[in-house]
Amino acid sequence: MDTPVNAAEPDKTVKANTVKPKTVKIVEVGPRDGLQNEKALIDTSTKRQFIEKLADAGLKFIEVTSFVSPKAVPQLADALELVRSLPPREGVHYSALVPNLKGLERALESGIREIAVFTAASNSFTQNNINMTIEESLAAFSPVVDRARREGLFVRGYISTAFYCPFEGKIEKEPVLAVCQRLLEMGVQELSIGDTIGQAVPDDVRATMAHLLQFLPVSQVAMHFHDTNGLAIENVMASLDLGISIFDSSAGGLGGCPYAPGASGNLSTDALVHFLHGQGIQTGVDEIKLAEASGLIRQVIQQTDGLVEDIGNLEYLGQVTYPPASTL
Ligand code: COA
Ligand code: ZN
């Protein structure tokens, strides 16, 4: 039976695809989502080398840093310097996270052409992360998106805790959809739906995403999985079955979640690429060169982690304090 389309009903023209994509867009978030959780500061030239190796491996979309408050994320305080040090490369898109107009000013100053704003599907998470309710965050981002679009920037929007929240537990699909729709109305061009604490199972992904894709164009939807329970690849598989073809991942599986003790990091780009190639899906990424990029950053982190262990004792003894790491 045909149902007339109206505002209250799913738009049948953009319903979930059931054809698996043949190519996938990978958004490499290691330099930002991965490194923001590393306590020991990594120098700008190492970050630059890591990013260059990622581009050498064929990654075309690389989120390189955040123009957030350096007090909130000291690791990324060198954002301006880092972006300015990156040579432009044909076909490579660098992007950065921006929390407010001050961040946008810094982003524009750096010359970056793509930004991402970030909110969540649960109020307790946004309060904890950016000190705002969801509604306040949307109000704060509206002028940022507006200005960025007028400057010709590409704007992505992150929706964290789209499946589970560390404070509120299971998140229903309606609030996720509402935030996505508000972001699109605001002018955001790509939505990254996040399983921030890595608790989703494929049935959660199918339930939420099949619903969302009745209303949102699949070409503008990305999935952002963390591998806390080792289910990120299974969740990618469930997403591919819905026709989703944009995935965020982090070289070497960097990243973690300070709200979920023992949680592992982002879905690893290495695992994602290997899995997709095995499925006959193209990514444009060279697995060996990618392993070199991941190897470099893992090695640097292992070295700096030794320092963190030492400082960790001082921290325990009250000699050094770190601001809490943030997560997305
Ligand atoms: N870049 C640089 N400095 C910034 C800034 C930005 N984008 N935004 C705010 N600041 C500075 C202010 O100038 C102010 O500095 P001062 O104390 O020297 O005057 C200080 O940070 C506090 O500013 P305020 O506007 O009161 O912000 P806040 O303390 O409420 O922080 C955020 C709000 C969103 C800016 C901050 O929490 C943040 O950057 N969070 C990052 C969270 C994050 O990256 N999470 C990971 C990804 S989700
Ligand atoms: Zn993340």
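Q: Over how many bridges do strand 5 and strand 8 pair?
A: This is a predicted model, in which local features need pLDDT of at least 70, side-chain atom pairs count only at pLDDT 80 or more, and totals for chains, interfaces and linings use all residues. Residues are numbered from 1 along each chain as its sequence is written, while chains are lettered from A and ligands numbered from 1 in the order in which they are written. Helices (H or I, at least four residues) and strands (E, at least two) are DSSP runs numbered from the N terminus, and two strands pair if DSSP finds at least two bridges between them. Strand 5 and strand 8 pair in the parallel sense, and the number of their bridges is 4.

Q: Which residue of strand 5 is the bridge partner of Ile115?
A: Strand 4 (residues 114-120) is joined to strand 5 by 7 bridges in the parallel sense. On the strand 8 side, Arg156 stands opposite Glu190. The partner of Ile115 in strand 5 is Val155.

Q: How many of the 7 residues of strand 5 are buried?
A: A residue is buried if 20 or more other C-beta atoms, placed from the backbone, lie within 10 Å of its own, exposed if 12 or fewer do, and partly exposed in between. Of the 328 residues in the protein, 47% are buried. Strand 5 (residues 154-160) is mostly covered, and its number of buried residues is 6.

Q: In what order do the 8 strands of the barrel follow one another?
A: The protein has 11 helices and 10 strands. Neighbouring strands in the barrel sheet pair in parallel. The order in which the barrel closes is 1-2-3-4-5-8-9-10.

Q: What angle does the direction of helix 9 make with that of strand 9?
A: Strand 8 (residues 190-195) runs parallel to strand 9 (residues 221-225) over 5 bridges, with Ile193 opposite Met223. Helix 9 packs on the sheet and touches strand 8, strand 9 and strand 10 (246-249), where touching or contact requires C-beta atoms, placed from the backbone, within 7 Å. Angles run from 0 to 180 degrees between N-to-C directions of axes, which are lines fitted to C-alpha atoms, for helices over the stretch in contact. The angle between helix 9 and strand 9 is about 165°.

Q: Why are the buried residues of helix 8 on the same side of it, and what arc do they cover?
A: The buried residues of helix 8 (residues 202-212) are Asp204, Val205, Thr208, Met209 and Leu212. What covers them includes helix 7 (173-186) and helix 9 (232-241). The arc is that of the directions from the helix axis to the C-beta atoms. These residues lie on the same side of helix 8 because they cover an arc of only 100°.

Q: Which helix gives the most residues to the largest nonpolar core?
A: A nonpolar core is a set of buried Ala, Val, Leu, Ile, Met, Phe, Trp, Tyr and Cys residues joined through C-beta atoms within 7 Å. The largest has 89 residues, and Ala96, Val98, Ile115 and Ile159 have the most contacts inside it. With 6 residues from positions 134-150, the element that gives the most is helix 6.

Q: Is Thr304 buried or partly exposed?
A: Thr304 lies in helix 11 (residues 287-316). Beyond four places in sequence, Thr304 is in contact with Glu38, Ala40 and Ile42. Because 17 other C-beta atoms lie within 10 Å, Thr304 is partly exposed.

Conventions. Contact = placed C-beta atoms within 7 Å.
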